[in-house]
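Visitor: Could you show me how to read a helix and a pocket from a set of coordinates?

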Amino acid sequence: MTTGLERITAKARENASLQFTSLTHHISKERIWDCLRHIPKRTAPGVDGITQEEAMKTFEVWGDEMLTTIHRKGYRPPAVRRVWIPKPGKRRSGR
């Protein structure tokens with residue numbers, strides 16, 4: 001038996017020009033928690049200064065609200081901190 005994400009992956013591999021209109025119905029509280037658990041503990045804090053450990057402790061506070069905004073298509077991820085890395089002859093963007 002395949003999961004919904006495995007079927008989506010198979011469709012995307014079959015047809016590279018296929019465009020999905022929405023995948024938000026595949027995002028669940030359990031899936032977010034599982035992804036959060038798989039972030040290495042020594043990972044640097046995000047741009048908001050929250051560590052993986054803090055995010056797990058406060059998940060019950062922010063998890064439902066984030067899931068609701070995702071399903072209403074109102075979620076906007078925070079800005080990514082962009083750092084310009086000097087390179088000989090050019091500048092390179094790093095994230």
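Guide: We'll take a helix, then a pocket, keeping in mind that this is a predicted model.

Visitor: What length should helix H4 have, and what does it have?

Guide: Count residues and allow 1.5 Å for each step: H4, residues 59-71, has 13 residues and should span 18 Å. Its end C-alpha atoms sit 17 Å apart, so expectation and model agree.

Visitor: Which residues of H4 are buried?

Guide: Start with the general idea: an α-helix has 3.6 residues a turn, so residues three or four places apart point the same way. Here the buried residues are Phe59, Gly63, Met66, Leu67 and Ile70. They span an arc of only 100° around the axis, so they lie on the same side of H4. Helix H2 (29-37) and helix H3 (52-57) are among what covers them.

Visitor: And what is exposed on the other side of H4?

Guide: Val61 and Glu65 are. For Val61, the relative accessible area is 66%, and exposed means over 50%, so Val61 qualifies.

Visitor: What comes after H4?

Guide: Lys73 follows H4, and its phi is positive, near 65°.

Visitor: Now the pocket. How much space lies in the largest one?

Guide: About 550 Å³. It is lined by 20 residues, and the closest to its centre are Leu36, Asp48, Ala55, Trp62 and Met66.

Visitor: Which helix gives the most to that lining?

Guide: H4 does, with four residues, while H2, H3 and H4 each supply at least two. By residue type, the lining of the largest pocket splits into 13 nonpolar, five polar and two charged.

How values were computed: Residues numbered from 1 in each chain as written. Predicted model: local features only at pLDDT ≥ 70, side-chain atom pairs only at ≥ 80, totals over all residues. Heavy atoms only, no water. Expected span 1.5 Å × (residues − 1). Buried < 20%, exposed > 50% of the residue type's maximum accessible area, 1.4 Å probe, protein only. Arc of directions from axis to C-beta. Contact = heavy atoms within 4.5 Å. 1 Å grid on protein atoms, 1.4 Å probe; cavity = no way out; pocket = protein on both sides within 12 Å on 5 of 7 lines; lining within 4 Å. Points joined across faces, edges and corners; volume = space filled by probe spheres on them. Nonpolar A, V, L, I, M, F, W, Y, C, P; charged D, E, K, R; others polar.
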